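Visitor: I have just opened this structure and would like to learn how to read it. Could you take me through a few features, one at a time?

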Amino acid sequence: MGDRAYDLVLRGGVMFDGAGGPGFQADVGVRDGVIVAVGKGLAVGADEIDARGRIVTPGFVDIHTHYDGQATWSGQLGPSSGHGVTTVVMGNCGVGFAPCRPEDHDRLIRLMEGVEDIPFPVLTEGLPWAWESFPDYLDFLAGRAFDVDVGAQLPHAALRVYVMGDRGANREPATDADIAAMAAIARRAVEAGALGFSTSRTLNHRTSDGQPTPTLTAGEDELTGIALGLAAAGKGVLQVVSDFIKGPAELAMLRRIVERSGRPLSFSLVQSPKAPQGWRTLLDGVAAAVDAGLPIKAQVCGRPVGVLFGLELTLNAFSQNPVFAALKDRPLADKVAALSDPAFRARLLAHDGEARGPFAGSALRAWDNLYPMGGVDPDYEPTADKTVAAIAAREGRDPAAVALDAMLAQDGRGMLYHPFLNYADGSLDPSFAMLSHRDTVPGLSDGGAHVGMICDGSFPTSNLIHWTRDRTRGPRIPLETMIARQSRDTAQAVGLLDRGLIAPGYRADLNVIDYEGLRLEAPRVAYDLPAGGRRLTQRAHGYVATVVAGVVTQRDGEPTGALPGRLVRGVQAAPLALAAE
């Protein structure tokens, strides 16, 4: 740094410091990866970023990702790192790769393949399996470098199989000895640096051969025992995803676990079309628990949870059509050529296909809930007149032909969007209510997962674009509020108290954003996973710079190649403020 006062200065931006207050103009001075000064007219830095006419925010903290595999073979944790995210927390939903005995490698891969749509060949080739215990896994990650910081949670499915073997995989009840063993491993995991423990209680989570996740029916005694293992260590959070089929009774069980263990808990909350008002009851239950002094949060998302259908993707509107079967494994160019042939097209459209499977059968041809997704500025709160069914009615065409043409757009890379959660009423008003509630935090992006069907790692960007700037169908959320929600609030929810705010002493994780120019492209497919695997990714425009630990990792939407991110071992204390310079 020489005689320079700072390693880096962000000069003249409008700063939203993550505390929830209005923006104000200031410089930010960084030294040794830490913010050391905030104010006007700071001395010159060794490196400077001109932030005039831009906003400056803390780096975003995404607490619900699945980079457990990707972090073992890649230092670039996109798509999240391209959306202002500077810290990710993985190991959610009870799935992951440690602890694991060698004979169970394929079992955990098939579970991740089924639950998170990460193909078996990708994981088989990509995972080095240089660990068995969870502390071993953390040690392996600690030797790697990333473009974001990474926190890990102990996954229940891996833990259950490790302790119980086939009995655990087959969802047999855990014995007292099993529970004691799991609790001891959980305690060691958080003592070694795990941020917490995660589990799944949803039928949507299955192995690739259709078996439910090993944790689906785990008893309250088992969950409580593991939570008490964290309590014995005096740290660690609990993360849960559940169908909440029993609604208040399930939430009451989670409340009892928190009461006994004292550990903070968060769970995924969405609007289901099967019970469109159920989220309100659950959120009322959370509020009652918080009023009673219990640390419970609901993780919510700011747009529909939606599946993408396309010719390059896992599913498309003709996946169950036997005429399409001949093309299923063909290259995209061959598919486009065949589907553009009038004779083949006529045969395809003449066959109605079949409705098989609990999800695909009902969704693939749900013309009144399928929306063509354009190539730029995707609409995540589309109106009913934009559905395939509505377009077909206006144009006097077969909806199947409209769907086919939408997928053939962009040289066969066009996509159809099927919002299946948070959109039962055809609007995002429920998401607004959930995002605005005092006892929720943004989450559920699933960055790194669902690589052939869902691309929600862009949640932090769409939250800014849609909720603070562009929404026309209802109320918006103040910019300063949304920034605080996905920086300070998410960091605090998992015990990372050293980040999420722009103030002296805090980590220098920062964004410089062209707010008015911030926009999203539609998702696209990249073939950059191990074994040439395919994944959905999504590009943002408007991130002038992203800074991780004082190092610029993104400039104008492009990675710089710098990898300053490291494994975050456990909770991080709030810093003592440094004297302003």
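Guide: Gladly! Let us begin with a term: helices and strands are DSSP runs, of at least four residues for a helix and at least two for a strand, numbered from the N terminus. Please keep in mind that this is a predicted model.

Visitor: How many helices and strands does the protein chain have?

Guide: The protein chain has 18 helices and 24 strands. Places between them can be named too: Asp446, for instance, sits in the loop that runs between strand S16 (440-442) and helix H17 (459-470).

Visitor: How do I judge the overall form of the chain?

Guide: One way is to compare the radius of gyration with that of a compact globule. For 581 residues such a globule would have a value near 25 Å, and the protein chain, at 24 Å, agrees with that. Along the principal axes, the C-alpha atoms fill a box of roughly 75 × 60 × 45 Å. You can also look at contacts: of those between residues at least 6 apart in sequence, 75% join residues at least 24 apart.

Visitor: What share of the residues is buried?

Guide: Buried residues account for 60% of the 581 in the protein chain. As for the surface, about 21000 Å² is exposed, and carbon and sulfur atoms supply 52% of that area.

Visitor: How should I read the inside?

Guide: In soluble globular proteins, nonpolar side chains tend to be buried together. Here the largest nonpolar core has 106 residues, and Phe97, Phe134, Phe267, Leu269 and Leu464 have the most contacts inside it. Helix H7 (residues 176-192) gives the most to this core, with six residues. Another core lies apart from it, with 34 residues, including Leu315, Leu370, Ala401 and Met453.

Visitor: Which residues are in contact with Leu464, leaving aside its neighbours within four places in sequence?

Guide: Among them are Phe60, Leu479, Met482, Ile513 and Tyr543.

Visitor: And what about charged residues?

Guide: Side chains of opposite charge can pair when their charged atoms come close. This structure holds 36 salt bridges. In one of them, Arg555 meets Asp47, with 3.4 Å from N to O. Arg555 belongs to strand S23 (residues 551-555) and Asp47 to strand S4 (residues 45-50), so the pair ties together parts that are 508 residues apart in sequence. Arg555 is partly exposed at 33% relative accessibility, and Asp47 is partly exposed at 32%.

Visitor: Is Glu312, which pairs with Arg413, buried or exposed?

Guide: Glu312 is buried, since its relative accessible area is 9%, while Arg413 is partly exposed at 43%. The closest N and O atoms of this salt bridge are 3.8 Å apart.

Visitor: Where do Arg539 and Glu558 lie?

Guide: Arg539 lies in the loop between strand S20 (533-537) and strand S21 (540-541), and Glu558 in strand S24 (residues 558-559), so their pair ties together parts that are 19 residues apart in sequence. Salt bridges can also share partners: Asp149, Asp498, Arg499, Arg507 and Asp509 are joined into one network in this way.

Visitor: Which side chain of opposite charge is nearest to Asp446?

Guide: That is Arg303, 11 Å away; Asp446 is buried yet has no salt bridge. Leaving aside neighbours within four places in sequence, Asp446 is in contact with His64, Thr65, His66 and Glu116.

Methods
Residues are numbered from 1 along each chain as its sequence is written. This is a predicted model: local features need pLDDT of at least 70, side-chain atom pairs count only at pLDDT 80 or more; totals for chains, interfaces and linings use all residues. Side-chain values use heavy atoms; hydrogens and water are left out. Buried means under 20% relative accessible area, exposed over 50%, partly exposed in between (1.4 Å probe, protein chains only). Lys and Arg count as positive and Asp and Glu as negative; His and the chain ends are not counted. A salt bridge is a side-chain nitrogen of Lys or Arg within 4 Å of a carboxyl oxygen of Asp or Glu. Contact means heavy atoms within 4.5 Å. A nonpolar core is a set of buried Ala, Val, Leu, Ile, Met, Phe, Trp, Tyr and Cys residues joined through side-chain atoms within 4.5 Å. The radius of gyration is taken over C-alpha atoms; the globule rule is 2.2 Å times the number of residues to the power 0.38. Accessible areas come from the Shrake-Rupley method with a 1.4 Å probe; for residues, only the protein chains shown count as cover.
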